[in-house]
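Colleague: I have a model open and would like to go through the terms used for it. Please give the reasoning behind each one.

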Amino acid sequence: MFRELRRTLPVLGMSIGLLLASPVQAGEPNSGSSLKVECSRSSAFIQIQVLNHRRIGNVVLEVRDAQGRTLYREEGKALTEELVRRLDKGVFPRGQHTLTVTARDLVITQPFTIE
């Protein structure tokens, strides 16, 4: 019995470590991160603002349409807790889209509509 316990304890410890290091989803309470997407009719831009509780680091922005096709992808590095982008709305088709922001400790998805 003790031999089995000795074998499972390291696996259990790694599993707990992976659970604690899992990415933060938008809407989790006290996550310390947020994504704001503004796409109004009166503006020619899609305004994106990402806030995190610590430096964002390497980040990937992806805009997908309703069928899941990638319309825009940007990879970069944010050296602060805030990332602001403005995308030209004219290069995207009208309809429902989804913005996904992926970084070291955060994965946030936000739907938006271009009219």
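Colleague: What pattern does the protein follow along the sequence?

Modeller: This is a predicted model. Read from the start, the pattern is α-β-β-β-β-β-β-β, that is, 1 helix and 7 strands.

Colleague: How many of the residues are buried, as a share of the protein?

Modeller: Buried residues are 30% of the 115 residues. The protein exposes about 8,000 Å², and carbon and sulfur atoms supply 54% of that area.

Colleague: What makes strand S3 largely enclosed?

Modeller: Buried means under 20% relative accessible area. In S3, residues 57–65, 7 of the 9 residues are buried, so the strand is largely enclosed by the rest of the structure.

Colleague: Which strands are joined to S3 by bridges?

Modeller: Two strands count as paired if there are at least two bridges between them. S3 and S4 have 8 bridges and run antiparallel; S3 and S6 have 7 and also run antiparallel. Both counts meet the cut-off, so both are called pairs. On the S4 side, Val60 has Glu75 as its bridge partner. On the S6 side, Glu62 is partnered by Thr100 and Val59 by Ala103.

Colleague: What lies between S3 and S4 in their hairpin?

Modeller: The hairpin has 4 residues between the strands, and Gly68 in this hairpin takes a positive phi near 90°.

Colleague: How do S6 and S7 pair?

Modeller: They pair in the antiparallel sense over 9 bridges. A hairpin of 2 residues joins S6 to S7. Within the pairing, Thr98 stands opposite Pro111 in S7.

Colleague: Why are S1 and S5 called edge strands in the open sheet?

Modeller: That sheet has 3 strands in the order S1-S2-S5, with antiparallel pairing. S1 and S5 each have a single partner strand, so one side of each is left without a neighbour in the sheet. Direction ignored, neighbouring strands of this sheet are turned by 10° against each other on average. S2 and S5 are joined over 7 bridges in the antiparallel sense, and Ile46 has Leu87 in S5 as its bridge partner.

Colleague: Why is the aromatic pair of Tyr72 and Phe92 called edge-to-face?

Modeller: The count comes to 1 aromatic pair. Ring centres must lie within 6.5 Å to pair, and planes over 60 degrees apart count as edge-to-face. The centres of Tyr72 and Phe92 are 6.3 Å apart and the planes are at 75°, so the pair meets both conditions. The two residues are 20 apart in sequence: Tyr72 sits in strand S4 (residues 70–78), while Phe92 is in the loop between S5 (82–88) and S6 (95–103).

Colleague: Is each of Tyr72 and Phe92 buried or partly exposed, and why?

Modeller: The cut-off for buried is under 20%. Phe92 has 7% relative accessibility, so Phe92 is buried. Tyr72 has 25%, which is not under the cut-off and not over 50%, so Tyr72 is partly exposed.

Colleague: What about Pro93: where is it, and why is it called partly exposed?

Modeller: Pro93 also lies in the loop between S5 and S6. Its relative accessible area is 42%, between the limits of 20% and 50%, so Pro93 is partly exposed. Leaving aside neighbours within four places in sequence, Pro93 is in contact with Leu71 and Ile114. Pro93 and Glu115 are 22 residues apart in sequence and 8.9 Å apart in space, C-alpha to C-alpha.

Colleague: What makes a group of residues a nonpolar core, and how many residues has the largest one?

Modeller: The members must be buried, of nonpolar types such as Leu and Ile, and joined through side-chain atoms within 4.5 Å. The largest core has 20 residues; those with the most contacts inside it are Leu35, Ile46, Ile56 and Leu99. Two or more residues each come from S1 (34–38), S2 (45–51), S3, S5, S6 and S7 (106–114). The largest share, 4 residues, comes from S7.

Colleague: Which residues are in contact with Leu35?

Modeller: Beyond neighbours within four places in sequence, the contacts of Leu35 include Ile48, Val50, Leu99, Val101 and Ile108.

Technical notes:
Residues are numbered from 1 along each chain as its sequence is written. This is a predicted model: local features need pLDDT of at least 70, side-chain atom pairs count only at pLDDT 80 or more; totals for chains, interfaces and linings use all residues. Side-chain values use heavy atoms; hydrogens and water are left out. Buried means under 20% relative accessible area, exposed over 50%, partly exposed in between (1.4 Å probe, protein chains only). Accessible areas come from the Shrake-Rupley method with a 1.4 Å probe; for residues, only the protein chains shown count as cover. Rings of Phe, Tyr and Trp (its six-membered ring) pair if their centres lie within 6.5 Å; planes under 30 degrees apart count as stacked, over 60 as edge-to-face and the rest as tilted. Contact means heavy atoms within 4.5 Å. Axes are lines fitted to C-alpha atoms, for helices over the stretch in contact, and angles run from 0 to 180 degrees between N-to-C directions.
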